[in-house]
Amino acid sequence: MMGWQWLKSLIYVIQVYLAMLVLGLVFLPWAALSPQGARVACRSYAAYAMWSARWMLGLHHEIRGDIPTDEVLIAAKHQSFLDILIIFYYAPVAKFIMKRELLWTPIIGLYAWRLGCVPVDRGKRGAAIAKMIADVEKGRAQPGQLIIYSQGTRVAPGAYAPYKVGTAVLYQQLGQPCVPAATNAGLFWPRKGILRKPGVAVVEFLPRIMPGMSRDAFMAHLEHEVETRSNQLLHEAGFTPKE
């Protein structure tokens, strides 16, 4: 049975990346001229990827909580590419804090730029944070939901990685509410490998953290909320994280 699911997963992975290439090329002229074209293209791809996962793999998704539609900072748990797709599809004007090297990826880099994503250099922490703040300020002319992955990378279900201070710096600098987001998507769509499992991947938007908290208090509260709820979602799906 697992062999059959792996084969279906392989077929899914091949066709979903082919779809990325095809849609990327089809929408490229519009995207090059307009951020709206880039957004329509990426939302279309996210919708297709989630739809095809549903009928090919039995992998469904669910969104919970109040979907933010105003200018907020979304601090999200990151377990797989699937949680990116879900958040981008439902947040109406989503833009990501992303690795700078992705800007040089053919086609993807153009779309990221047109969406208003903010590239970050992972080295030299102090300089990287300063540059990130400057780039975010430049991008404020395009209002929307700025998404940051506070642990800086995909983290396997049940594993722990420290939360990085860049989220708190942005929270204080922007003076906007922060919406934490929890997920269990990595149980079904892992950060590595081919196998995708059937089930219901959940992304849940949690209660807002309003501006005004100190940096340390904000970081402690954010980590507690996201980790607690993500672990609850894992448990709900039948996975118990190790203590």
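How many nonpolar, polar and charged residues make up the lining of the second largest cavity? The legends below begin with that site in a predicted model, for which local features need pLDDT of at least 70 and side-chain atom pairs count only at pLDDT 80 or more, while totals for chains, interfaces and linings use all residues. Residues are numbered from 1 along each chain as its sequence is written, and side-chain values use heavy atoms, with hydrogens and water left out.

**View 1. The second largest cavity and its lining.** The structure holds 2 cavities of 30 Å³ or more, a cavity being a set of points, on a 1 Å grid over the protein atoms alone, where a 1.4 Å probe fits but cannot get out. The second largest has a volume of about 40 Å³, the volume being the space filled by probe spheres set on the points, which are joined across faces, edges and corners. Its lining residues, which have an atom within 4 Å of a point, are M50, A53, L59, H60, H61 and L82. They divide into 4 nonpolar, 2 polar and no charged, where Ala, Val, Leu, Ile, Met, Phe, Trp, Tyr, Cys and Pro count as nonpolar, Asp, Glu, Lys and Arg as charged, and the others, Gly among them, as polar. Both α3 (35–57) and β1 (59–64) supply at least two residues of this lining, and the largest share, 3 residues, comes from β1; helices (H or I, at least four residues) and strands (E, at least two) are DSSP runs, numbered from the N terminus.

**View 2. The largest nonpolar core, with L82 among the residues that have the most contacts inside it.** This core, a set of buried Ala, Val, Leu, Ile, Met, Phe, Trp, Tyr and Cys residues joined through side-chain atoms within 4.5 Å, has 44 residues, and those with the most contacts inside it are Y12, L59, I74, L82, L85 and I147. Helix α3 gives the most to this core, with 9 residues. Leaving aside neighbours within four places in sequence, L82 is in contact (heavy atoms within 4.5 Å) with M50, L59, A185, W189 and A201. A second, separate core of 18 residues includes A75, V118, Y163 and I209.

**View 3. Helix α5 and the residue that comes just after it.** Within α5 (residues 108–115), the buried residues are G109, Y111, A112, R114 and L115, buried meaning under 20% relative accessible area, exposed over 50% and partly exposed in between (1.4 Å probe, protein chains only). Just after the helix, G116 takes a positive phi of about 85°.

**View 4. Salt bridges, including the network of E62, R64 and E236.** The count comes to 5 salt bridges, each a side-chain nitrogen of Lys or Arg within 4 Å of a carboxyl oxygen of Asp or Glu. One of them joins E62 to R64, with the closest N and O atoms 2.8 Å apart; E62 is partly exposed, at a relative accessible area of 31%, whereas R64 counts as buried at 18%.

**View 5. Two salt bridges, R208 with D70 and R229 with E204.** The side chains of R208 and D70 meet at 2.7 Å, N to O, and this pair links distant parts of the chain, 138 residues apart, with R208 in the loop between β7 (199–205) and α8 (215–236) and D70 in the loop between β1 and β2 (72–76). R208 counts as partly exposed at 37% relative accessibility, and D70 is partly exposed at 33%. R229 and E204 also meet in a salt bridge (2.7 Å, N to O); because R229 lies in helix α8 and E204 in strand β7, the pair ties together parts that are 25 residues apart in sequence. Both R229 and E204 are buried.

Definitions and conventions
On a 1 Å grid over the protein atoms alone, a cavity is a set of points where a 1.4 Å probe fits but cannot get out, and a pocket is an open set with protein on both sides within 12 Å along at least five of seven lines; lining residues have an atom within 4 Å of a point.
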